[in-house]
Amino acid sequence: MHDQAQALRHLVLSRNRPPSRQTRIVTVTSGKGGVGKSNFSLNFAIALQRRGYSVLLFDADMGMANIDVLLGIPAQYNLLHLLRREKTIWEIIQTGPGGLQFIAGGSGFKDLVRLSEEELEYFADQIGKLHGHVDFLLFDTGAGLTKETLRFIVAAQETIVVTTPEPTSITDAYALIKMVKTMGHNVDFRLVVNRTSDDREGQQTADNIRQVVGKYLGLDLPLLGFVPDDALVSKAVKRQTALAIAYPDSPACRGIERIASRFLSEETVRETGGVRTFLQRMRRLWS
Ligand SMILES: Nc1ncnc2c1ncn2[C@@H]1O[C@H](COP(=O)(O)OP(=O)(O)OP(=O)(O)O)[C@@H](O)[C@H]1O
Ligand SMILES: [Mg+2]
């Protein structure tokens with residue numbers, strides 16, 4: 001195991017990238033559950049990898065393991081092993097398609113709130129080791145705005161909100177942004193509209209939510225793009241293969257590819273301080 005961990009560390013470190021670059025931490029979330037966060041996160045991560053960035057996808061949906069199931073890669077170790085201090089961060093990282101690194105969530109786990117101070121410290125310490133090792137640390141959060149999800153959103157400060165064109169999904173996305181803003185947190189939200197029937201519907205959905213968020217919360221909600229409703233997503237899920245691998249030319253995959261390009265081209269992102277600042281914010285939220 002130790003050898004494997006070292007090999008992995010070496011692999012990560014040997015990536016050809018400027019050493020000064022900080023790990024950018026991004027949370028993927030939604031108001032309503034089941035809108036496509038996990039599928040988006042996984043294929044978005046692969047799209048970033050394909051553009052030459054190293055990504056660690058972190059299944060932060062504690063209680064419902066997801067990413068490993070989507071990939072059909074049974075997780076030998078998961079977040080639970082880390083939280084129980086049985087494994088180090090290097091030992092729970094697995095490698096998926098295209099060299100994508102991921103950490104499985106582990107089912108049956110309730111919440112971080114119930115962890116002891118020492119367990120939390122260990123968790124934070126281990127996450128801290130990721131500093132500078134990957135370009136992107138992507139957190140896929142679970143359904144509903146739980147305390148954990150809120151911590152990840154606030155600590156990451158960069159959040160992609162996924163909604164579908166359905167009014168229930170839109171209002172829940174708005175409620176989530178409002179909650180974070182009302183609590184006084186400063187988070188950069190960006191929008192992805194998933195399962196659109198066409199671009200017009202996607203644009204209308206985006207216009208609606210952006211208008212309300214602007215009017216009532218005084219926030220800008222930049223649009224990253226649309227992902228069409230595509231039966232191949234469900235097919236890929238059933239095959240337990242990432243859409244980007246099973247159907248790279250599918251409409252949904254192309255939508256996610258466009259979003260990845262746009263995401264990388266935007267210069268608007270504020271300097272959020274990488275892993276260390278993320279951990280400071282996490283610790284503050286725990287206390
Ligand atoms: N673009 C799409 N086109 C068609 N179906 C989709 C699309 N995106 C997601 N789905 C369907 O929605 C289901 C739920 O997706 P996913 O598990 O990614 O949602 P989630 O937001 O992560 O759910 P949870 O809130 O439970 O974590 C998928 O199994 C798939 O069948
Ligand atoms: Mg999910």
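Student: Which helix gives the most to the lining of the largest pocket?

Tutor: H2 does, with five residues. Bear in mind that this is a predicted model.

Student: What makes a residue part of that lining?

Tutor: A lining residue has an atom within 4 Å of a point of the pocket. For the largest pocket, 36 residues line it. Closest to its centre are Gly34, Val35, Gly36, Lys37 and Ser38. The pocket has a volume of about 670 Å³.

Student: Which other elements supply at least two residues of the lining?

Tutor: Besides H2, they are helix H7 (147-156), E7, E8, H10 and helix H12 (251-265).

Student: How do the lining residues divide into nonpolar, polar and charged?

Tutor: There are 15 nonpolar, 13 polar and eight charged residues. Glycine counts as polar here.

Student: Where does ligand 1 sit?

Tutor: Ligand 1 sits in the largest pocket. "Sits" requires more than half of its atoms to lie within 2 Å of the pocket's grid points, so ligand 1 passes that cut-off.

Student: Which residues surround ligand 1 most closely?

Tutor: The shell has 18 residues, and the closest are Gly34, Lys37, Ser38, Asn194 and Asp230. The shell divides into six nonpolar, seven polar and five charged. Helix H2 (37-50), strand E7 (188-196), strand E8 (223-228) and helix H10 (231-239) each supply at least two of its residues.

Student: Why is the pair between ligand 1 and the side chain of lysine 37 called a polar contact?

Tutor: The cut-off is 3.5 Å between N or O atoms. An oxygen atom of ligand 1 is 2.7 Å from an N or O atom in that side chain, so the pair counts as a polar contact.

Student: What makes serine 38 and asparagine 39 polar contacts of ligand 1?

Tutor: Here the partners are polar backbone atoms. An oxygen atom of ligand 1 is 2.8 Å from one in serine 38. For asparagine 39 the value is 2.9 Å. Both pairs are within 3.5 Å, so both count.

Student: How much of ligand 1 does the protein bury?

Tutor: Taken alone, ligand 1 exposes 640 Å², and the protein buries 81% of that.

Definitions and conventions:
Residues are numbered from 1 along each chain as its sequence is written. Chains are lettered from A and ligands numbered from 1 in the order in which they are written. This is a predicted model: local features need pLDDT of at least 70, side-chain atom pairs count only at pLDDT 80 or more; totals for chains, interfaces and linings use all residues. Side-chain values use heavy atoms; hydrogens and water are left out. A residue is near a molecule or strand if one of its heavy atoms lies within 4 Å of it. A polar contact is a pair of N or O atoms within 3.5 Å; within protein, one must be able to donate a hydrogen and the other to accept it, and residues adjacent in sequence count only if both atoms are side-chain atoms. Accessible areas come from the Shrake-Rupley method with a 1.4 Å probe; for residues, only the protein chains shown count as cover. On a 1 Å grid over the protein atoms alone, a cavity is a set of points where a 1.4 Å probe fits but cannot get out, and a pocket is an open set with protein on both sides within 12 Å along at least five of seven lines; lining residues have an atom within 4 Å of a point. Helices (H or I, at least four residues) and strands (E, at least two) are DSSP runs, numbered from the N terminus. Grid points are joined across faces, edges and corners, and a volume is the space filled by probe spheres set on the points.
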